[in-house]
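Student: Could we go through this structure together, one question at a time?
Tutor: Gladly! Have a look here.

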Amino acid sequence: MIWNLAPKARAFQFVGHQDVITGVQFSPSGNLVASSSKDRTVRLWTPSMKGESTVFKAHTAAVRSVAFSHDGQRLVTASDDKSVKVWSVHRQCFIYSLNQHTNWVRCARFSPDGRIIASCGDDRTVRLWDTSTKHCINCLTDCGGSATFVDFNSSGTCIASSGADSTLKIWDLRTNKLIQHYRVHSAGINSFSFHPSNNYVISGSNDGTIKILDLLEGRLIYTLHGHKGAVITVAFSRAGDVFASGGADSQVLLWKTNFDSRSYQDVLLQHSRRSTPDPPPHLSDIHPRGPHLHHPQPTAIQVSPAVKDTRSTEPHVIQLGQSVHGNMLLNSWPRLTPMQSAAANSHHYNGLPACHVANSRLDGWIEGGSASRAESTAENETRANRKEGKGRREEEVEMSQTHPLEVLSGHPSSVSSTLRHIVQQLDILTQTVSVLEERLTLTEDKLKECLTHQSQILKDLRASRTRRRTESEGTDESSVHST
């Protein structure tokens with residue numbers, strides 16, 4: 001879903017993936033949107049009313065994440081097939097694959113300069129790849145569980161990784177050392193985001209909270225409660241003035257970044273004055289009245305907004321993509337009763353196209369109506385015959401719409417599904433051939449290097465032999481002259 005944040009909000013629903021969508025990201029210029037899915041594909045969308053998209057196929061398992069390079073020319077994806085793949089946005093094709101993870105890869109990101117790719121996965125490692133040589137240049141193994149997310153700061157000098165063990169770690173790439181380690185959540189961390197100033201990090205967790213970390217002071221400063229369930233993703237805006245969070249409660253919350261405009265000590269002082277549980281004692285606290293309870297004051301501020309307008313009004317949803325024409329044709333079908341629609345759905349899930357189920361139900365409805373009317377008077381029989389003829393004409397019109405409906409609504413016939421499967425296999429074979437060609441070129445380069453080294457060694461041997469011969473001849477001549 002792409003949301004318009006204007007007062008009269010609209011949402012554009014792009015339809016194309018066949019399974020759960022795992023990641024979405026705008027290009028740096030904002031004119032493209034990339035999405036990854038468990039249907040093993042990556043789609044590149046043009047965010048317009050046409051809803052056009054290009055499908056990238058090379059992964060053999062669910063794709064977990066997708067991300068643009070900072071110049072917008074490449075895509076990097078992470079998949080359950082234990083690989084990280086890089087794609088060309090301009091040519092819209094697969095370029096190369098990185099294969100050294102030993103388990104599912106959860107996330108992959110480009111560095112700001114595009115020279116390094118960081119990836120993490122269920123093998124409890126964070127790997128750094130050189131995009132020029134396609135080799136793994138570093139492997140960080142200090143992870144207590146599955147590594148769920150990884151990203152660079154805006155300067156590219158540090159990376160952070162989060163894990164299912166509820167920890168967040170920050171590494172300095174210049175020294176390859178762990179410089180900060182946070183354990184502030186009570187459950188696994190799903191996502192985090194650096195502030196553009198590199199002074200703050202926000203993280204979302206399965207414990208339902210958002211944590212704000214001050215990297216300069218090295219501590220937790222705020223805990224935000226707003227989601228009723230796990231926080232799946234968090235992200236700062238490009239300017240850093242707002243950040244958004246999405247949760248398992250089907251809500252997207254937009255937060256204002258105001259913690260970087262005032263001193264934390266001033267905010268803490270104001271917060272303690274406003275909501276401290278330890279007010280100064282007064283006469284009502286004197287014995288024999290009940291003792292005044294002093295609760296410990298936490299160091300981090302807990303923010304629990306009890307606002308009523310966190311959920312915006314339901315926007316007008318504009319559906320774009322494959323199912324638009326299918327819905328238009330569906331609206332022209334005859335209305336079915338709830339029992340008939342339920343039976344039609346059951347037949348559909350058993351593998352029958354919905355249009356054929358609707359036709360069979362329509363036949364049954366027409367035959368049932370004609371049979372009931374056949375037992376009445378002759379006038380009723382003529383009315384039944386007329387309605388039966390009308391029903392047959394509707395059936396013929398509906399049958400004429402079957403073929404375009406099958407193509408547009410995503411329920412192909414057996415022949416078209418077989419052809420589509422063959423095309424998918426050919427795509428995979430094409431990508432495999434490209435990978436083999438790349439490896440052959442690398443092997444040829446290595447062989448050329450070996451041949452050049454061997455020829456150089458032969459030249460050196462010949463030169464040394466000629467030197468020895470000249471030296472021996474010179475010694476023989478000198479001995480003859482002396483005699």
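Student: Which residue in β10 does Trp87 stand opposite?
Tutor: A word on the source: this is a predicted model, where local features need pLDDT of at least 70, side-chain atom pairs count only at pLDDT 80 or more, and totals for chains, interfaces and linings use all residues. Residues are numbered from 1 along each chain as its sequence is written, and side-chain values use heavy atoms, leaving out hydrogens and water. Strand β9 (residues 84–88) pairs with β10 in the antiparallel sense over five bridges; strands are DSSP E runs of at least two residues, numbered from the N terminus, and two of them pair if DSSP finds at least two bridges between them. Opposite Trp87, in β10, stands Phe94.

Student: Which strands stand at the edges of that sheet, and why is one side of each left without a neighbour?
Tutor: The sheet is open, with four antiparallel strands in the order β7-β8-β9-β10. Each edge strand has a single partner, so one side lacks a neighbour in the sheet; these strands are β7 (63–68) and β10 (93–98).

Student: Is His185 buried or exposed?
Tutor: His185 sits in the loop between β18 (177–182) and β19 (189–194). Buried means under 20% relative accessible area, exposed over 50%, and partly exposed in between (1.4 Å probe, protein chains only). Because its relative accessibility is 5%, His185 counts as buried.

Student: With which side chain does His185 make a polar contact of 2.7 Å?
Tutor: A polar contact is a pair of N or O atoms within 3.5 Å; within protein, one must be able to donate a hydrogen and the other to accept it, and residues adjacent in sequence count only if both atoms are side-chain atoms. The side chains of His185 and Thr209 are joined by one of 3.4 Å. The 2.7 Å contact is with the side chain of Ser203.
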